[in-house]
Amino acid sequence: MTSKAQRFSVGLTGGIGSGKTTVANLLGELGAALVDTDAIAHLLTAPGGLAIPDIAAQFGAEFIDAQGAMDRVRMRSHVFGNHLARHQLEAILHPLIRSETINAAERADGDYLIFVVPLLVESGNWVGRTSRILVVDCDEEVQVARVMARNGLQRHEVEAIMAAQASRAARLAVADDVIENNASAAELRPQVQALHATYLALARQAAIQL
Ligand code: ATP
């Protein structure tokens, strides 16, 4: 995904509420450089975002709100069940997400790169593009409980989001590494530290081979 293709990189993914952000932040504290593709995608459609002119041209000014951001609610209902519109939106966003991700990776400074990609398995563009794939995994009941608590959602709303995502088995099938995040945050830390040590060693090996 980056022109520093030889630089050791990790694609980090997991289902909603699995703990991706928590794990990424711990790895970041230890020295990894983080590139958050969700944050990049969000910025593109925020006020003044790079995708705003194309969205206005393609869909009309009514899809841009008073602050200059994409009207997410309106766009979501517009593309819902409308394959052409969804495809048009993706044709605007995907190349920009890709180029902005590459830019962010070029600028990122750390022992190795972590790309946080919530929909890594679903997008199909990531497998084979990073040195390793790290899946943060937890039981589905734990996911439901965490997201209900964090977002104030009903069980059926969380289950609907989970049903629209790749299955746990599909994510695990592409994993090189798995962090199991069912227990407390305190129990997460040693797992993350051990994985970081492995990644540091692999990053050094990769640098020697350049
Ligand atoms: P999303 O896909 O929704 O952005 P995520 O995979 O990035 O979620 P986090 O935001 O890291 O997940 O975690 C989801 C919620 O669960 C947060 O409120 C976080 O503080 C909490 N959480 C994560 N890991 C643990 C843990 N081991 N123990 C307790 N709470 C946790």
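The following exchange concerns a predicted model and the reasons behind some terms applied to it.

Me: What makes Asp71 a cap of helix α4?

Reply: A side-chain oxygen of Asp71 lies 3.3 Å from the backbone nitrogen of Val73. A polar contact requires N or O atoms within 3.5 Å, so this pair meets the cut-off. Helix α4 covers residues 72-79, and Asp71 caps its N-terminal end. After α4 comes Gly81, with a positive phi near 75°.

Me: Why is the space lined by Gly15, Ser18 and others called a cavity?

Reply: A cavity is a set of points where a 1.4 Å probe fits but cannot get out. By this rule there is one cavity of 30 Å³ or more. The largest cavity holds about 40 Å³ of space. Its lining includes Val135, Asp137, Arg168 and Leu172, and both β4 (132-137) and α9 (168-174) supply at least two lining residues.

Me: What kinds of residue make up the lining of the largest cavity?

Reply: The lining divides into four nonpolar, three polar and three charged residues. Gly counts as polar under the definition, and Gly15 is one of the lining residues.

Me: How do you know that domain 1 and domain 2 are in contact?

Reply: The domain assignment gives domain 1 as 1-32 + 111-210 and domain 2 as 36-109. Contact means heavy atoms within 4.5 Å; on that basis, 12 residues of domain 1 are in contact with 10 residues of domain 2. The area buried between the two domains is about 970 Å², with 52% from carbon and sulfur atoms. Their C-alpha centres lie 24 Å apart.

Methods. Residues numbered from 1 in each chain as written. Predicted model: local features only at pLDDT ≥ 70, side-chain atom pairs only at ≥ 80, totals over all residues. Heavy atoms only, no water. Polar contact = N/O pair within 3.5 Å; in protein donor to acceptor, adjacent residues only side chain to side chain. Helix = DSSP H or I, 4+ residues; strand = E, 2+ residues; numbered from the N terminus. 1 Å grid on protein atoms, 1.4 Å probe; cavity = no way out; pocket = protein on both sides within 12 Å on 5 of 7 lines; lining within 4 Å. Points joined across faces, edges and corners; volume = space filled by probe spheres on them. Domains from an automatic or database assignment. Buried area = accessible area lost by both parts, 1.4 Å probe.
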